[in-house]
Amino acid sequence: MIYKETVLKVVDSSGAKKARCFQVYKKAYASVGDVIKVSVISVDPASKIKKGTIYKAIVVQTVSSIARKNGIRLSFNQNSAILVDEKLEPISKRGIDYVAMDIAPKYRVISKGVVWRINLKKAIK
């Protein structure tokens, strides 16, 4: 569960390292696949993104577990997100870490553009 003031790791190649959530849309907390508004608090020195800039983000990993319909409970070691623009398209062209498959049906742009490891798993089978 992601609340206000939660610090998340940014798992795309945009140049941001950490971001702080300051707004959750439509609910009191966010889970995997929800859109939040974040402020960047840590960046790479060579990136175009500046510290303190505000972006929308999609949560892709949470420490709290996710219950799937088939009975599996999934949890990650960290809270993380992908930075997106106003049209909910990813800012960067590639991601860095695994993401939950639960966001693929909800955001087709991300499942084609950023969530490569899901597509690789399907290609291997």
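This is a working chat about the strands, salt bridges and surface of a predicted model.

Biologist: Before we get into details, what kind of model is this, and which strands make up the closed barrel?

Modeller: This is a predicted model, and its closed barrel has five strands that run in the order 1-2-3-4-7, with mixed pairing. From one strand to the next, the twist averages 55°.

Biologist: How many bridges hold strand 2 and strand 3 together, and in which sense do they pair?

Modeller: Strand 2, which covers residues 16-24, pairs with strand 3, residues 35-43, in the antiparallel sense, and seven bridges connect them. To find a spot on screen, look at Ala16, which stands opposite Val43 in strand 3.

Biologist: And on to strand 4, how many bridges are there from strand 3?

Modeller: Strand 3 and strand 4, the latter spanning residues 54-61, run antiparallel and are joined by five bridges. Among the facing residues, Ile36 stands opposite Ala57, while Val35 has Ile58 as its bridge partner in strand 4.

Biologist: What does strand 4 pair with besides strand 3, and over how many bridges?

Modeller: Strand 4 also pairs with strand 7, residues 80-84, in the antiparallel sense over five bridges. Ala57 is a useful residue to click on here, since its bridge partner in strand 7 is Leu83, and Ala57 also stands opposite Ile36.

Biologist: Is strand 4 mostly covered or mostly open?

Modeller: Strand 4 is mostly covered, with six of its eight residues buried. Lys56 in that strand is buried too, at a relative accessible area of 19%, because anything under 20% is classed that way.

Biologist: A buried lysine caught my eye, so which residue does Lys56 meet in a salt bridge?

Modeller: Its side chain meets that of Glu86 in a salt bridge, at 3.6 Å from N to O. Glu86 sits in the loop between strand 7 and helix 1 (108-113), whereas Lys56 belongs to strand 4, so the pair ties together parts that are 30 residues apart in sequence. The two ends have unlike surroundings, because Glu86 counts as exposed at 61% relative accessibility while Lys56 is buried at 19%.

Biologist: Why would such side chains pair at all?

Modeller: In general, side chains of opposite charge can pair when their charged atoms come close.

Biologist: How many salt bridges does the structure hold in total?

Modeller: The structure holds four salt bridges. One of them joins Arg20 to Glu5, with the closest N and O atoms 3.6 Å apart. That pair links distant parts of the chain, as Arg20 is in strand 2 and Glu5 is in the segment before strand 1, 15 residues apart.

Biologist: Are Arg20 and Glu5 buried or exposed?

Modeller: Arg20 is partly exposed, at 31% relative accessibility, and Glu5 is exposed, with a relative accessible area of 56%.

Biologist: Which residue does Asp44 pair with?

Modeller: Asp44 forms a salt bridge with Lys17, again described by its closest N and O atoms, which lie 3.6 Å apart. Here the link runs from the loop between strand 3 and strand 4, where Asp44 is found, to Lys17 in strand 2, and the two residues are 27 apart along the chain. Asp44 is partly exposed at 35%, and Lys17 is also partly exposed, at 40% relative accessibility.

Biologist: Changing topic, which residues form the nonpolar patch on the surface?

Modeller: Met1, Tyr3 and Tyr29 form it, and together they have about 290 Å² of accessible area. Met1 lies in the segment before strand 1 (7-10), and Met1 counts as partly exposed at 42% relative accessibility.

Biologist: Last one, where is Lys26, and is it buried or exposed?

Modeller: Lys26 is in the loop between strand 2 and strand 3, and Lys26 is exposed, because its relative accessible area of 87% is over the 50% cut-off. For orientation, Ile36 is ten residues away from Lys26 along the chain, and their C-alpha atoms are separated by 9.6 Å.

Note on methods
Residues numbered from 1 in each chain as written. Predicted model: local features only at pLDDT ≥ 70, side-chain atom pairs only at ≥ 80, totals over all residues. Heavy atoms only, no water. Pairing = 2+ DSSP bridges. Helix = DSSP H or I, 4+ residues; strand = E, 2+ residues; numbered from the N terminus. Patch = residues over 30% accessible without salt bridge, like charges linked within 9 Å, V, L, I, M, F, W, Y side chains within 5 Å. Areas by Shrake-Rupley, 256 points an atom, 1.4 Å probe, with all protein chains shown as cover. Buried < 20%, exposed > 50% of the residue type's maximum accessible area, 1.4 Å probe, protein only. Axes fitted to C-alpha atoms, helices over the stretch in contact; angles between N-to-C directions.
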